[in-house]
Amino acid sequence: MHNKLAHFALSALAMGLSQAALANDDAASAADNASIDEIVVVGQKQTFATSHVSQTMIERQAAVASVNDVLNELPGVLVTQGDYFGASDWLTAIFMRGFNTGGGANQIGTTIDGLPNGGSSYGGGSKANRYIDVLELETVEVGQGTADISSRSNEALGGTLNFITRDPLNEQAMRLVTAFGDQDARKYYFRYDTGEIAANTHAFVSASSSSVKDWINNASTVTRDYGLAKITSEIDGFKLTGFISYNDANEHEFETISLQDYNNNPRNDALHMTWTDIPAVNEYYRDGWRALRENTFAYAKVEKDFGDWDFQTSVYKHRMKGRGDWVPPYLVNIKDDGEGAPQSEFLGGETQYGGKQIDRFYFVNPDGSAAIADENCVPTHGFSKDYDPACYADNVLPVMSYRHSHYTNDRLGLTADVAYHFSTGSIHHTVRGGIWFEDGESSSTRDWHKISNVLVGPAFDAKPYWVQYISEYQIDEFMYYLEEVAEIGDVTARLGVKKFKVDTDYHQPIGQDPAVSNSSSSDPLISFGLNYITPLPGLEVFAGYSENFSAISKDRVGGSTSEELSRIEAETAENIEVGLRYEGRDLQFAMTYYDIAFENRIVFIEDGAVTGIDYLSQVDGVYYNLGGIDSNGLEMLASYNLGNGFSLSGSYTYNKATFVGTGSAALDKEAKVVPGNRVHGSPKSQFVLAADYMGEMMSAGMSLRFVGDRYINYDNAEVAPSYTVSDLYVGVDLANLSDNFKGLSARLNVNNLFDQEFISGVYSGAVFPAAPRTVTLSLTADF
């Protein structure tokens, strides 16, 4: 453990638990009759695989954690992040059945209370942790493949994740939480529930602020602030819900490394926190790699059940403003100032809009002109001649840029669903349909600022010397679906159709590129399935088929021409699932076999790695159609109530996801795709085992997660070895220690309990090491 405070917290809580156990010898027998959270919740009468996150899974996470962390115990899901608190938007990726949300893939749909998140990409998207504090998370509904036909996402090739927020309490209450631990983690949280403020009307408001430092240098800080409010009411049978959330995040980033570098040092990345007078060293200054994001999301929802028919409608608004920071070790020469003349980019005072680089300069002479390296210089090992100060005169000054990428995303949307219930003889029918419309405007702007004085630090001039581009997008999206559900005794049958149309207009106000309009429209997407409730009580079997679609998003339109877009086809996937579910008094069990044919796979090839970064690229990579993926496998999950407050749960996944070629050997070679190779980053096998105890006085649990070997790149030449990691939590109601502590509770969370060294994330040829053992303690006061 890396924090004396965490050591103290662990010892203090252990003493408290010991005293609590002595104070009440009957706790175990009392817990036998206590209400126990279900560890695994599975859908009933569904024709596709589905699972829910339980409150116990949420409790296993630290109060400072990201909402994405709770997914790691579910079958087929793997979440990789920079640390156990979800730092680094750049490194956050979710893998499911060979699909993922990392590197611009956007293959898994995400919704917040059933409403779309607007994409999960780094450059302009907003992952679920931008909307919800983990302390306000009720559950996550996971459709691993086929998913519900009504899901509002055009990215759900490999399933959907629906993050659901907590509702207001019926009674007036106030909760305060403080948390602290390793990496100088701190969090302060407040929630107030109003109780019934009017007839059948309840509300709450909450706010939190947290900070945590990087685990490698313990110097660069991540801060996150949340504000949430929700109100529910019922008037004349109409159920009304209003919600608003706000998040302000300022996050440092980590950087991936090669497998060789990991083997040399499994507790480090390529960045550091020492500012020097050498730009090529400062390029990897951690505090210069940042993601700043501000998200505001609000919705209003109306629902009504009229008996034979029911409906619901929602209107939502989302505003995102963000910035990504990087520190290139040079200034870009945009204006031709004349040979030997002082460089205007160094002198400052004016901004160049658009244009192309003439060249770059790394040092300047005393008069401000670009310094030229000695042609006969033999550079220091690890440097090229242009970057090595030893190859220049003694009186030169180093120069650097502070590059900003600004993102905005402004979305206004409407959803509506209606269902009609009727019977024909012994057959009960439900016909339902719905629409989704979204009007969005977004932009991406890149500007370059001179670092004021490299000899002093990373502070930069407020006025940019170059605005490289301004990209603006107008996106209109429309989706409709129609489904018939027929129940004939113990058999439920579904047949549905769904269609998307996404229109994107792109232009650059200061650029030379022509405006581009692109319409991405799906064919009618068919889904159908059967569910049979067997004569064995609690056992049902199901089978389903669906066609899924991912539109050509704005991230792929920007910087492309109409001709380039004409060569890219929208991604599609055909999902087949067959499975069974069992739900008894103490045992819940589900097993699903799936087979997915994914076509027209679009892959974002990132610019740069530790060996060099193309800071000048207008987009951070290139898009390709790489044939597709064949994915098939088996998923199992189960939970068992042992009695006396004890329960066991677990999940197992076998996934064989392999690349399908483009049909052209030359193109496959160029794209580094070998047909039949496994999808990199996706393990073939993984499982989770967990044991929990819930009593009146204390709760505790431990999980063990195994992740199998993962290939690092397309050619399957390097392997990230399998690993096993364990997490622990212990909670105690302090009122059992003394009446003076009524309403107080404490919870200890330990991630990576046995301090294992392993590779956490795999990112297209590079890896990222896992954080060491991380301990946090949270104290809760309820009034």
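# Briefing: strands, cores and ring contacts

Strands β3 and β4 (residues 93-96) pair in the antiparallel sense over four bridges. The model is predicted. Its protein chain comes to nine helices and 43 strands. Of the 783 residues in the chain, 54% are buried. Among contacts between residues at least 6 apart in sequence, 68% join residues at least 24 apart.

**The β3-β4-β5 sheet**

- Within the β3-β4 pairing, leucine 78 has phenylalanine 95 of β4 as its bridge partner.
- The two strands belong to an open sheet of three, in the order β3-β4-β5, with antiparallel pairing.
- The edges are β3 (77-80) and β5 (99-100); each has a single partner strand, so one side of each lacks a neighbour in the sheet.
- Strands of a sheet pair through backbone hydrogen bonds, either parallel or antiparallel.

**Strands β34 to β36**

- Strand β34 (residues 646-660) runs antiparallel to strand β35 (residues 685-694), and nine bridges join them.
- In that pairing, tyrosine 654 stands opposite serine 685 of β35.
- Nine bridges also join β35 to strand β36 (residues 698-707), again in antiparallel fashion.
- Here tyrosine 693 stands opposite alanine 700 of β36.
- The connection from β35 to β36 is a hairpin through three residues.

**Nonpolar cores**

- The largest nonpolar core has 88 residues.
- Leu71, Val140, Leu161 and Phe163 touch the most other members of that core.
- Setting aside residues up to four places away in sequence, phenylalanine 163 touches a list of residues that includes Val67, Leu71, Ile112, Ala128, Ile132, Leu137 and Val140.
- Polar residues are also on that list, among them Asn68, Thr110, Thr111, Asp113 and Thr139.
- A second, separate core holds 19 residues, including Phe363, Cys391, Tyr465 and Trp466.

**The disulfide**

- The chain has one disulfide.
- It is formed by cysteine 377 and cysteine 391, with sulfur atoms 1.9 Å apart.
- The torsion about the S-S bond of cysteine 377 and cysteine 391 is about -60°, so the disulfide is left-handed.
- Both cysteine 377 and cysteine 391 lie in the loop between β20 (363-364) and β21 (397-398), so the pair ties together parts that are 14 residues apart in sequence.
- Cysteine 377 and cysteine 391 are both buried.
- A disulfide is a covalent bond between the sulfur atoms of two cysteines.

**Aromatic pairs**

- The count comes to 34 aromatic pairs.
- In one of them, the rings of tyrosine 402 and phenylalanine 460 have centres 4.6 Å apart and planes at 45°, so the pair is tilted.
- Tyrosine 402 is in strand β22 (residues 401-424), while phenylalanine 460 is in the loop between β23 (427-450) and β24 (466-488), so the pair ties together parts that are 58 residues apart in sequence.
- Tyrosine 402 counts as buried, at 6% relative accessibility.
- Phenylalanine 460 is partly exposed, with a relative accessible area of 30%.
- Tyrosine 723 and phenylalanine 758 form a stacked pair, 4.1 Å centre to centre with 15° between the planes.
- Tyrosine 723 lies in strand β39 (residues 723-733) and phenylalanine 758 in the loop between β40 (744-751) and β41 (759-763), so this pair ties together parts that are 35 residues apart in sequence.
- Both tyrosine 723 and phenylalanine 758 are buried.
- Ring pairs also link Trp90, Tyr122, Tyr284, Trp289, Trp326 and Tyr407 into a cluster.

**Charges over rings**

- Arginine 97 places its charged end over the ring of tyrosine 594, 4.0 Å from the ring centre.
- Arginine 581 lies over the face of phenylalanine 542, 4.1 Å from the ring centre.

**Alanine 459**

- Alanine 459 lies in the loop between β23 and β24.
- Alanine 459 is exposed, with a relative accessible area of 52%.
- Apart from neighbours within four places in sequence, alanine 459 is in contact with Ile451, Ser452 and Asn453.
- The C-alpha atoms of alanine 459 and glycine 288 are separated by 9.8 Å, and the two residues are 171 residues apart along the chain.

Terms used. Residues numbered from 1 in each chain as written. Predicted model: local features only at pLDDT ≥ 70, side-chain atom pairs only at ≥ 80, totals over all residues. Heavy atoms only, no water. Pairing = 2+ DSSP bridges. Phe/Tyr/Trp six-rings, centres within 6.5 Å; stacked < 30°, edge-to-face > 60°. Buried < 20%, exposed > 50% of the residue type's maximum accessible area, 1.4 Å probe, protein only. Lys NZ or Arg CZ within 6 Å of the ring centre and 35° of its normal. Core = buried A, V, L, I, M, F, W, Y, C linked by side-chain atoms within 4.5 Å. Contact = heavy atoms within 4.5 Å. Disulfide = S-S within 2.5 Å.
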